[in-house]
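Let's take a friendly walk through this structure, one element at a time. Keep the viewer open as you read.

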Amino acid sequence: PTFAFSDTFLPQTHFLCQLHEFHSTSWILTKKISCNKAIMEFYILSFLLYFLFFSTLFLQRELSEALPEEIGELAEFPPRGWNSYDSFSWIISEEEFLQNANIVSQKLLPYGYQYVVVDYLWYRRKVEGANENSLGFDVIDEWGRMLPDPGRWPSSQGGKGFTEVADKVHAMGLKFGIHVMRGISTQAFNANTPILDPLKGGAYIESGKNWTARDIGLRERTCPWMSQGFMSVDTTLGAGRAFLRSLYRQYADWGVDFVKNDCVFGDNLEAHEIDVVSKVLQELDRPMLYSLSPGVSATPNMANGVGNLVNMYRITGDDWDSWEDVEAHFNVSRDFAAANLIGAKGLRGKSWPDLDMLPLGWLTDPGSNQGPQRKCNLSFDEQKTQMTLWSMVKSPLMFGGDMRKLDGTTYSIITNPILLEINSYSTDNREFSYISGTEDLRSSNHVLTRQTRNLKEVKAEASHVPSLTSCRHAEAKGWTFNFDGRKASRICWKDKYLGRKSKAPFCLHTRKPLFTLEDKYSYKQKYQGKLQLLANETDDSCLNASPIGKLSSRETKRMSFSHCKLNEDQIWELNQNGTLMNSYSGLCATVTAKEANGSGIRSWIATGRRGEVYLSFFNLNPGRMVISANISDLAKALPSRPITISSCKYTEVWNGNDYGVATDTISIAVDNHGCALFVLQCN
């Protein structure tokens with residue numbers, strides 16, 4: 001373009017100059033004016049153009065720095081942080097939380113532990129009679145949404161919620177997280193609170209109706225392990241979706257960076273709620289990491305259905321400080337890694353299978369009304385095994401111990417730089433099956449040769465157990481009616497699927513759901529043709545798809561019997577293709593062979609970002625074992641390195657020994673429940 005300035009733009013000059021042409025890459029200025037005036041105009045225009053140019057670059061840089069977290073980089077690595085549950089159960093106070101957060105910022109933030117999370121029931125008053133499944137003790141607002149208990153969280157008074165706590169956490173350089181349950185609280189349902197329309201700022205009105213909690217709450221879909229606490233909402237209703245939107249917009253207003261959504265995954269799957277919440281989170285102007293819990297009966301196929309909607313999801317029950325809980329994670333970790341779900345696509349970034357918190361250091365007990373009161377029950381070897389497995393699997397790392405009593409040993413385990421390097425940057429993480437193990441009767445822990453081993457092979461057993469799986473899987477198709485005369489009185493699993501034709505089949509007795517007069521109109525059509533299942537025809541105990549109580553990782557019981565009632569967890573439908581589908585979760589029952597957790601040896605392998613290979617050995621047996629692997633087998637498990645490996649220089653992480661070069665075999669004696677972790681530089 002051509003720019004022309006009036007003579008009044010600059011003071012008049014006393015002499016004229018010849019015609020001047022000023023050229024730039026994008027414009028030409030031509031005007032016959034005084035020389036002084038022309039030069040000054042040029043400098044002013046140049047200044048304005050340079051200002052515009054560099055302002056644009058600055059804005060582009062600001063936008064480019066914001067975009068990764070907004071649309072593609074949330075949970076780029078497995079999240080790390082601290083969670084209050086293992087040390088405080090539900091009773092933590094604002095003062096205790098901020099004390100722990102402050103120490104996290106000083107001691108763990110340099111190692112990538114950036115989230116501090118208030119676990120469940122922060123809205124429950126800590127008074128006599130209150131516990132994890134009590135009714136009537138929660139603080140809710142006029143719209144039925146949970147508010148922090150002002151007795152424990154004094155800064156929340158006046159409707160401020162967690163705003164002040166989040167501000168203090170952010171000032172420490174940390175990110176703030178909270179635990180929330182599914183759907184709507186029973187307390188709000190009973191109070192029949194109105195539903196907020198967060199888009200309009202008033203009561204939700206649709207088709208001329210003011211919608212309330214009883215319109216959206218599904219009392220037949222209560223959380224199985226907190227039956228008096230929360231129930232699902234009907235997400236097919238605009239009011240149901242509006243309620244969920246009002247919840248998460250409120251969390252965003254408080255400054256929440258992380259939400260752990262409980263009783264929505266595994267046996268408690270609420271796929272529709274997960275989908276709605278994920279969409280709401282994408283609407284927000286701030287990134288919020290989305291985590292699912294619990295993980296009992298979680299399968300890779302289930303994760304494929306929701307993994308892209310979230311950032312992390314539990315794949316086991318609660319993990320506590322017992323060896324049985326630790327070893328229960330090996331099989332499920334293997335399965336999720338084999339399904340290529342580690343670091344798969346997630347909400348605004350990636351998603352990670354979650355092995356649950358690290359219950360190390362100073363802890364409380366499950367479901368306790370007390371705070372930290374005891375030391376971790378795991379041995380030093382068992383703690384190293386847990387941290388090594390969590391790192392090799394690339395699980396999120398959420399420390400659960402009381403930071404105020406963090407001891408040096410625990411600190412050294414959770415901040416081990418090699419383990420954290422593996423957890424963040426390694427690839428090709430998977431179970432390594434090319435190992436052998438023999439019992440060792442020697443007393444020292446050192447690398448052995450083949451000639452010095454004492455041989456005693458260890459074998460694991462398997463048993464058949466009922467469990468849940470995707471209805472699309474072939475393993476779900478094995479159920480059939482067993483007729484008593486003309487009446488189909490039982491549903492049985494076909495014997496051939498168990499491989500035990502000589503034994504009696506696994507059968508369940510059937511009955512139609514019994515409706516009360518109040519329920520008959522609402523639910524009779526909904527459950528037409530569906531069944532309740534009993535262990536025997538004279539009993540009044542019906543099969544639940546979910547456990548009644550919250551399970552720990554070591555508890556493998558998938559289904560249970562309890563007093564028959566109108567609850568979708570007890571409603572089943574036998575389909576023509578031989579699948580037996582549960583109305584609550586949409587999953588199907590199956591009877592399969594399950595591996596025993598009680599003994600064995602395991603190994604995991606991964607590739608480092610600098611070309612190194614990480615190889616871990618785990619001894620799950622009660623006695624000392626010699627575990628070995630051939631160098632030539634390493635490449636079989638590393639698809640990114642399809643070459644023959646002839647030799648490796650290697651060191652062991654936990655004992656710090658440098659073993660030089662191995663050309664044939666790596667072999668080491670590992671104590672019971674212990675592990676070895678090698679860093680290999682291979683040719």
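In this predicted model, the buried residues of helix 12 are E382, Q383, K384, T385, Q386, M387, T388, L389, W390, S391, M392 and V393. That is 12 of the 14 residues of helix 12, so the helix is largely enclosed by the rest of the structure. Here buried means under 20% relative accessible area. You can also check the length of this helix, which covers residues 380-393: at 1.5 Å a residue it should span 20 Å, and its end C-alpha atoms are indeed 20 Å apart. Just after helix 12 comes K394, with a positive phi near 65°.

Now turn to an open sheet with nine strands and mixed pairing, ordered 16-17-15-14-13-5-4-3-20. Which strands stand at its edges? They are strand 16 (344-346) and strand 20 (397-399); each has a single partner strand, so one side of each is left without a neighbour in the sheet. On average, neighbouring strands of this sheet are turned by 30° against each other, direction ignored. At the strand 20 end, the pairing with strand 3 (residues 80-83) is parallel and runs over three bridges. If you would like a residue pair to look for, W82 has F399 in strand 20 as its bridge partner. Helix 8 (residues 271-283) packs on this sheet, where it touches strand 5 (175-181), strand 13 (258-262) and strand 14 (289-292). The direction of helix 8 makes about 170° with that of strand 14.

Next, have a look at a helix pair. Two packed helices are described by the angle between their axes and the distance between the axes. For helix 3 (residues 94-108) and helix 4 (residues 163-171), the angle is about 15° and the axes are 10 Å apart. Angles under 35 degrees count as roughly parallel, and that makes helix 3 roughly parallel to helix 4. The crossing of helix 3 past helix 4 is right-handed. Where they meet, helix 3 brings E94, F97 and L98, while helix 4 brings V165, K168 and V169.

Finally, there is an open sheet of three strands, in the order 22-35-38 and with antiparallel pairing. Strand 22 (435-439) and strand 38 (665-670) are its edge strands, each pairing on one side only. Neighbouring strands here are turned by 20° against each other on average, direction ignored. Five bridges join strand 22 to strand 35 (residues 625-630) in the antiparallel sense. To find this pairing on screen, start from I435, whose bridge partner in strand 35 is A629.

Terms used:
Residues are numbered from 1 along each chain as its sequence is written. This is a predicted model: local features need pLDDT of at least 70, side-chain atom pairs count only at pLDDT 80 or more; totals for chains, interfaces and linings use all residues. Side-chain values use heavy atoms; hydrogens and water are left out. Helices (H or I, at least four residues) and strands (E, at least two) are DSSP runs, numbered from the N terminus. The expected span of a helix is 1.5 Å times one less than its number of residues. Buried means under 20% relative accessible area, exposed over 50%, partly exposed in between (1.4 Å probe, protein chains only). Two strands pair if DSSP finds at least two bridges between them. Axes are lines fitted to C-alpha atoms, for helices over the stretch in contact, and angles run from 0 to 180 degrees between N-to-C directions. Angles under 35 degrees count as roughly parallel, over 145 as roughly antiparallel, 65 to 115 as roughly perpendicular and the rest as oblique. A crossing is left-handed if the near helix is turned anticlockwise from the far one by less than a right angle, and right-handed if clockwise. Contact means heavy atoms within 4.5 Å.
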